[in-house]
Amino acid sequence: MSQFIDDVDQRTRMVGQNRMELLLFHLGGDQTFGINVFKVREVIARPKLQQLPGASAIVRGVATIRDRTVSIIDLAQAIGFVDRPSEDADAKVIVTEFNRSVQGFWVSAVDRIVNVNWETVKPPPRGTEQESYLVAVTEVEGRLVQIIDVERVFAAINQLKEDVSETTLERAEHIDHHKSILVVDDSMVARKQIERAIGEIGFQVETRSDGRAALDFLEELAETGDVSDTIEMVISDIEMPRMDGYTLTRKIRDNSKLKALPVVLHSSLSGQFNADMVKRAGADDFLPKFDPDELAAMVMKHGGRPADDS
């Protein structure tokens, strides 16, 4: 199974075409779940686990994977999925890398990889039992696929630094804050983290949950006046339903009324590939998420003009 993800770098050639690949898996019942292949390093058979005293209840233990100690998270338990077997001898672990961390997700079975268009990926329906842990849903061959917000699961066991440092706050006192920053991200956790950091340095924030909603908002503003009078810059996730960050950036650059807006793309998936794609899409910069000081510095670099002291 370690070969299940066969050279992710080759798969990334579709990026920029508003498409993605999902790894489909199960948590014990008939429901199919998915995770973006970009977050997956490999899939392995259930490893030997060691218990970790004081660990969160959703952590099954730790395993040594390629000479690295990795926490193994029980994904079904983490999202409150109750339709699961009592014994899962055939369980698999999806080893992921995002938010500058490697972790494994314990699942009952892994299906396959499918290629989908972001336009077919929709926000999760309201009122579902696992709604808060779903980032999106789509349909594959007549089956509903629920896409897990693994960043929210990760946040439940890893307390990320959220506050901007005093040094950065002092620097931010000398910039103009009268415009808003548009933040685009399908993860509620990520949106709140970014909104909090930007708010700490004095900016107002507009948020949208996908690229299509963000573009609609900007185009509506452009019909009534100069967008740059209202919006300082755009900070967008890359992997989102309906329209990804690369496509959003290209749409902004192709619109004469929007093209001057600074655009920073951010992603939990770091690496040279993302940095190269950001340049090709026409964005001004790339930021692996999430560090509040790095985010604040990026805002001040591309959007923070010196305040008028006169």
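## A helix across the sheet

A good place to start is helix α7, which lies across strands β11, β13 and β14. Relative to β14, α7 runs at about 175°. Keep in mind as you look around that this is a predicted model.

The strands that α7 touches belong to an open sheet of five, ordered β12-β11-β13-β14-β15 with parallel pairing. At the edges sit β12 (204-208) and β15 (285-288), each of which pairs on one side only. From one strand to the next, the twist averages 25°. Another helix, α5 (residues 188-200), also packs on this sheet, where it touches β11, β12, β13 and β14 (263-267). The direction of α5 makes about 165° with that of β12.

## Where β11 meets β12

Now let us zoom in on one pair of strands. Strand β11 covers residues 180-184 and runs parallel to β12, with five bridges joining the two. Which residue in β12 is the bridge partner of V184? That partner is R208.

## Two arginines with positive phi

Most residues other than glycine have a negative phi. Two arginines here are worth finding for that reason. R66 has a phi near 50°, a positive value, and R242 has a positive phi of about 65°.

Where do R66 and R242 lie? R66 is in the loop between β4 (59-65) and β5 (68-74). R242 is in the loop that links β13 (231-237) and α7 (245-254), so tracing the chain back from the helix that opened this report will lead you to R242. As for their surroundings, R66 is exposed, with a relative accessible area of 58%, while R242 counts as partly exposed at 28% relative accessibility.

## The whole protein

Stepping back, the protein has nine helices and 15 strands. Of its 310 residues, 54% count as buried. The surface it exposes comes to about 14300 Å², and carbon and sulfur atoms supply 43% of that area.

How much of the contact pattern joins residues at least 24 apart in sequence? Among contacts between residues at least 6 apart, the share is 67%.

## How confident is the model?

The average pLDDT for the protein is 83, and 84% of the residues score at least 70. Residues 1-12 have a pLDDT below 50. Beyond near neighbours in sequence, that stretch has 27 contacts in the model.

Terms used
Residues numbered from 1 in each chain as written. Predicted model: local features only at pLDDT ≥ 70, side-chain atom pairs only at ≥ 80, totals over all residues. Heavy atoms only, no water. pLDDT = per-residue confidence, 0-100. Contact = heavy atoms within 4.5 Å. Helix = DSSP H or I, 4+ residues; strand = E, 2+ residues; numbered from the N terminus. Buried < 20%, exposed > 50% of the residue type's maximum accessible area, 1.4 Å probe, protein only. Areas by Shrake-Rupley, 256 points an atom, 1.4 Å probe, with all protein chains shown as cover. Pairing = 2+ DSSP bridges. Axes fitted to C-alpha atoms, helices over the stretch in contact; angles between N-to-C directions.
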